[in-house]
Amino acid sequence: MPLHITAVQAMEILDSRSRPTLSVSVGLADGNTARAGVPSGASTGSGEALELRDHDASRYGGAGVRTAVGHVNGEIAAALCGRDFAGLSALDQALIDLDGTPDKSRLGANAIVGVSMAAARAAAGQAGVPLWQGLATDGATARLPVPHFNVLNGGAHAPNPLDFQEFMIAPLGAPGIAEAVRAGSEVYAALRRRLAEAGHTTGLGDEGGFAPDLAEPEEALRVIVQAITDAGYEPGTGGVAIALDPAASEFRQPDGTYRVNGQVLTTSDMITRYRQIVDEFPVWSIEDGLGEDDDTGWAELTGALGERVQLVGDDNFVTNPAIITRAVQDGIANAALIKLNQIGTVTETLHALEVCRKAGYGAMVSHRSGETDDTFIADLAVASGCGRIKSGAPARGERVAKYNRLMEIGHRHPDLPYGLGR
Ligand code: PGA
Ligand code: ZN
């Protein structure tokens, strides 16, 4: 259905870390108007599309986004308003052409992705369908994804000494999305009790997981397994499994070694460590287990563990369809993380998901550590049928909004299947 754009507007709002981001609204000639909130990462890959900040130290410590807002209200609005587009992909291509840089650095990927998300939502409104149906692509079968709840935070998302960034629980064995969310919440509550009993603080990190003063990843894994059992679930793929995002680029040293709790580890030490972790704990997925530029390490890691667990590329793949295509050819990892603002348009994000699906790679749709109340990623995950999503803990409004949206979709469409799908 053609899109006739009548209005494009942005303003500066706050994200969940109290940093400025954009709220963008797009209006169509049929009267549909939709809004989008732009997410923002902390442990970003170097190849991500550029997030444009003002660098004016007198406002928000330099983190303001008035320049990006100005680009939406000025150049982008002027280029889009009054024009007809054959569909979202034509509109996204116009945004890419208008920017003219490979990393969207002229207008800002935060400006562009906000317009793209709002336009996708307005287009679904015009078509009279929910967003997930509006995002449907040929060959993809909609399904409700397994939520990966980040219940214990470290790395760049918490002030504790834990080097691994994310410890997630994934109710792979749940019969449906509502039961999966319930499992996430019950394990989260059990984990809070376990940590409190052991004398740890139960303060939260940026993604809503607990941030106790634990230093060894294995200590964190041990207490999470106890919490799964306490809550009455079976640890493992038949019940509630564990997924890790060490975000290893953050603790990789300039000399190529990795520093975990003060120990200096080589790439092969890291791989051995992961093998031991997979042997000992019900870990089903490891994201960014090695640094983004440790290409030979990634190949070794994939050879060593790729048959046993999901290996997800995030900082190294940056939701870039061309990079994921090359990784498939080179046998690097077996799944990709999917983040809208890493690549900067909805169309390119859908393309990245399509590359994964056609290659038999897993794909996990993801929030950022800085979020708004926007729930776009819930619909995106359902539409793609990728079977996996991560949106932080089952706590804090900006995280829970996505899980609640998944439950709402499941409630309205009880025919949609739940689970990994493959
Ligand atoms: P970020 O972290 O949003 O801070 O980049 C998320 C991740 O590494 O997956
Ligand atoms: Zn990551």
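Which cavity is the space taken by ligand 1? The space that ligand 1 takes is the largest cavity. This is a predicted model. The report starts with the two ligands and then visits single residues along the chain.

## Ligand 1

Ligand 1 has 14 residues around it. Those that come nearest are A42, H157, R368, S369 and K390. Three side chains place an N or O atom at a listed distance from a ligand oxygen. The table gives them.

| Side chain | Partner | Distance |
|---|---|---|
| S369 | oxygen atom of ligand 1 | 2.5 Å |
| D314 | oxygen atom of ligand 1 | 3.0 Å |
| K339 | oxygen atom of ligand 1 | 3.1 Å |

How much of the accessible area of ligand 1 does the protein cover? On its own, ligand 1 has 280 Å² of accessible area, and the protein covers 100% of it. S369 appears twice here: as one of the residues that come nearest, and as a side chain 2.5 Å from a ligand oxygen.

## The zinc ion

Ligand 2 is a zinc ion. Which residues are its protein donors? They are D245 (OD), E287 (OE) and D314 (OD). These donors lie 2.0 to 2.2 Å from the zinc ion. Along the sequence, their spacing reads D-x41-E-x26-D. The pair D245 and E287 links distant parts of the chain, 42 residues apart. D245 belongs to strand 7 (residues 241-245). E287 belongs to strand 10 (residues 283-287). Both D245 and E287 are buried.

D314 ties the two ligand sites together in this account. D314 is a donor of the zinc ion through OD. The side chain of D314 also has an N or O atom 3.0 Å from an oxygen atom of ligand 1.

## Buried residues in strands

N150 is found in strand 5, which covers residues 146-153. Is N150 buried or exposed? N150 counts as buried because its relative accessibility is 1%, and the cut-off for buried is under 20%. N150 and I169 are 19 residues apart in sequence. In space, their C-alpha atoms are 6.6 Å apart.

E166 has its place in strand 6 (residues 166-170). The relative accessible area of E166 is 2%, so E166 is buried. The side chain of E166 makes a polar contact with the side chain of Q165, at 2.7 Å.

## Residues in loops

T372 sits in the loop between strand 13 (362-366) and helix 12 (376-384). T372 is buried because its relative accessible area is 5%. What does the side chain of T372 reach at 3.0 Å? It reaches the backbone nitrogen of D374.

T319 is in another loop, between strand 11 (310-313) and helix 9 (321-330). T319 has a relative accessible area of 0%, so T319 is buried. T319 is not a glycine, although its phi is positive at about 55 degrees.

H55 also has a positive phi, near 55 degrees, and is a residue other than glycine. H55 lies in the loop between strand 3 (33-37) and helix 1 (66-80). Is H55 buried or exposed? H55 is exposed because its relative accessible area is 68%, where exposed means over 50%. T319 is buried, whereas H55 is exposed.

G238 lies in the loop between helix 6 (217-230) and strand 7. Strand 7 also holds the zinc donor D245. G238 counts as partly exposed because its relative accessibility is 47%. G238 and A174 are 64 residues apart along the chain. Their C-alpha atoms are separated by 8.2 Å.

D213 has its place in the loop between helix 5 (177-197) and helix 6. The relative accessible area of D213 is 58%, so D213 is exposed. D213 and T202 are 11 residues apart along the chain, with 9.5 Å between their C-alpha atoms.

P102 is in the loop between helix 2 (88-99) and helix 3 (109-127). P102 is exposed because its relative accessible area is 84%. How many residues separate P102 and F210 in sequence? They are 108 residues apart in sequence and 38 Å apart in space, C-alpha to C-alpha.

Note on methods
Residues are numbered from 1 along each chain as its sequence is written. Chains are lettered from A and ligands numbered from 1 in the order in which they are written. This is a predicted model: local features need pLDDT of at least 70, side-chain atom pairs count only at pLDDT 80 or more; totals for chains, interfaces and linings use all residues. Side-chain values use heavy atoms; hydrogens and water are left out. Donors are N, O and S atoms within 2.8 Å of the metal (3.2 Å for Na, K and Ca); water is not among the atoms, so sites may look incomplete. Helices (H or I, at least four residues) and strands (E, at least two) are DSSP runs, numbered from the N terminus. Buried means under 20% relative accessible area, exposed over 50%, partly exposed in between (1.4 Å probe, protein chains only). A residue is near a molecule or strand if one of its heavy atoms lies within 4 Å of it. A polar contact is a pair of N or O atoms within 3.5 Å; within protein, one must be able to donate a hydrogen and the other to accept it, and residues adjacent in sequence count only if both atoms are side-chain atoms. Accessible areas come from the Shrake-Rupley method with a 1.4 Å probe; for residues, only the protein chains shown count as cover. On a 1 Å grid over the protein atoms alone, a cavity is a set of points where a 1.4 Å probe fits but cannot get out, and a pocket is an open set with protein on both sides within 12 Å along at least five of seven lines; lining residues have an atom within 4 Å of a point. A molecule sits in a cavity or pocket if more than half of its atoms lie within 2 Å of its grid points.
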